[in-house]
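Me: I should like a close look at a single part of this protein, set out residue by residue. Please then relate that part to its wider setting.

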Amino acid sequence: MGVVLLVLAAACRQLVGIGDQPPTGTAAATDGGIDATDGAAGACGLAYQATCGACVAASCCDAAMACSQDPVCAPYSNCLAGCNGVASCESQCLIDNPVGESSTVAAMFRCIATSCERACGVPCGNLATAFAPPDAATACSKCIAAQDCKAAQACAQSTDCIALGECLVACGPGFDCSEQCFLANEAGAAVFDPFNTSFTGTCAAPCAYGNWWSCIGHVTPPKAQVASTTVTIGAYSEVSGAAVAGLQALACRGADLGCNSPLSDGGTDLGGQVSLTVPQSVGSPGFDGYYRFWSPDGGIVPTLGYLSSPLREATVHFAIPVISPTDLQKVLSGLGVTQGSGGYLGLVAYDCFDNKAPGVRFSVNAAADAGGAQIFYLQGSLFTSGTTMTDPSGAALVTNVPAGTVDIAATPSNLGGQSSGHLTVNVEEGKVTFVLLLPN
């Protein structure tokens, strides 16, 4: 599921403001665009002008006419036409004009990428401007062009790949929805994977991977789409990364802090995985419970696992780390922490597109602070003191957290103090509570 955790910065699923006017020429001129528009009628009902308009008229007129009559496609395409090839402007168009899962948009986008790439100034299929936030779009475009332009072009010219992207964009934060997109678009995933390799690898920094925050303040709590969800969780060693077999696991309602009435139980197999089924009520808020792991022989510190985004789909896969009592003591000693009362929090922050997020600060409620809780951020392979925010792993460890309910918040460094997500979880004496914190 590593590819699911990319997930498409293609644009701004629940964003405020559906613009229906092209940007002014000022922004385009600043970034060296091509083929300025003058607001006159353009090609086949859309605002494309000059060289680009001629190509659209010659090669994409049917798609353009269909788009011009579509209330979703027309404002988005006219916005792109006004950008004159400026990457930051084109990225902003997707923020201001969410497209959902529109087949009309897909057809228009594919035709331009296939037949009018040069004429319309959309190098390498223009994917970078769809996947990177506006302030990173130009650098991202250059990196993708240098690393694997053909892979980006192949995705932009594939109806299946575009359909996958639109599905992912329409999800909102949540691993289960993204997972269903990949299951329903296997052909698109095969085309998308090579581009994804560059975007999440060599080009991660210039493409601002993990720093898409445009959904903040506009996330709608998901409603259940199914009568039950099968939750498959992989348990792995925090120290070695190896799968951990033989653990017992329970699925619990959020309000059942002691898990006195478990919803499902099982044990991890040789691959460290266990599947637990939780009930849902279609059309009601999705399942927001938690999971318990322990070893009958005491081989791990008992662990509670929370996924902050309520579940809505039939299946979801994710993983949680576990640690032995001996290894936990080694970690604490390395940090100079004396084990006191209370428990521990393991935290991972994600951005609006389910990517692990760098540059995030965590905070816990005042009661935890008063109890001597300390936050240590993962840097490379080690939790360290003296750092104040997450690295690309998005991870942190909080020690000596007083037992009881604890409020956790994640605050990205580039949001001006606004938090991206928060969750209230249960901490138990001597146990680890692990939280995957998505925007909410």
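Reply: The account below begins with one loop residue, glutamine 280, and then moves outward to other parts of the chain. The model is a predicted one.

Glutamine 280 lies in the loop that joins strand S4 (273-279) to strand S5 (290-294). Although this is a loop position, the residue is buried, its relative accessible area being 12%; it counts as buried because that value falls under 20%. Its side chain has two polar partners to describe. One is the side chain of threonine 229, with which glutamine 280 makes a polar contact at 3.0 Å. The other is the backbone oxygen of leucine 311, which the side chain of glutamine 280 reaches at 3.1 Å. Leaving aside residues up to four places away in sequence, glutamine 280 touches Ala224, Val226, Ala227, Ser228 and Thr229, then Pro285, Gly286 and Phe287, and finally Leu311 and Arg312.

Strand S5, at the far end of this loop, carries tyrosine 290. The structure holds 10 aromatic pairs, and tyrosine 290 forms one of them with tyrosine 306. This pair is stacked, with 5.1 Å from centre to centre and 10° between the planes. Tyrosine 306 belongs to strand S6 (residues 303-307), so the pair links distant parts of the chain, its members being 16 residues apart. Both partners are buried: tyrosine 290 has a relative accessible area of 0%, and tyrosine 306 one of 6%.

Strand S6 leads on to helix H10 (residues 175-184), since S6 is among the elements that cover the buried residues of that helix. The cover also includes helix H9 (159-171), helix H11 (186-200), strand S7 (315-322) and strand S15 (432-437). Seven of the 10 residues of H10 are buried, so the helix is largely enclosed by the rest of the structure. These buried residues are Phe175, Asp176, Cys177, Ser178, Glu179, Cys181 and Phe182. Phe182 also takes part in an aromatic cluster, together with Phe192, Phe195, Phe199 and Tyr209.

Two further loop residues deserve mention for their backbone. Most residues other than glycine have a negative phi. Aspartate 354, by contrast, has a positive phi of about 65°. Aspartate 354 is found in the loop between strand S8 (343-349) and strand S9 (360-364), and it counts as buried at 0% relative accessibility. Asparagine 84 likewise has a positive phi, near 55°. Asparagine 84 sits in the loop between helix H4 (73-83) and helix H5 (87-96) and is buried, with a relative accessible area of 8%.

A helix pair may be added to the picture. Helix H3 (residues 61-68) packs against helix H6 (residues 103-115) at an angle of about 145°, and their axes are 9 Å apart. The crossing of H3 past H6 is left-handed. In this contact, Ala63, Ala64, Ala66 and Cys67 of H3 meet Thr104, Ala107 and Met108 of H6. By class, six of the residues are nonpolar, one is polar and none is charged.

As for the wider setting, the protein contains 13 helices and 15 strands. Of its 440 residues, 54% count as buried. Among contacts with a separation of 6 or more, 73% join residues 24 or more positions apart.

How values were computed: Residues are numbered from 1 along each chain as its sequence is written. This is a predicted model: local features need pLDDT of at least 70, side-chain atom pairs count only at pLDDT 80 or more; totals for chains, interfaces and linings use all residues. Side-chain values use heavy atoms; hydrogens and water are left out. Helices (H or I, at least four residues) and strands (E, at least two) are DSSP runs, numbered from the N terminus. Buried means under 20% relative accessible area, exposed over 50%, partly exposed in between (1.4 Å probe, protein chains only). A polar contact is a pair of N or O atoms within 3.5 Å; within protein, one must be able to donate a hydrogen and the other to accept it, and residues adjacent in sequence count only if both atoms are side-chain atoms. Contact means heavy atoms within 4.5 Å. Rings of Phe, Tyr and Trp (its six-membered ring) pair if their centres lie within 6.5 Å; planes under 30 degrees apart count as stacked, over 60 as edge-to-face and the rest as tilted. Axes are lines fitted to C-alpha atoms, for helices over the stretch in contact, and angles run from 0 to 180 degrees between N-to-C directions. A crossing is left-handed if the near helix is turned anticlockwise from the far one by less than a right angle, and right-handed if clockwise. Ala, Val, Leu, Ile, Met, Phe, Trp, Tyr, Cys and Pro count as nonpolar, Asp, Glu, Lys and Arg as charged, and the others, Gly among them, as polar.
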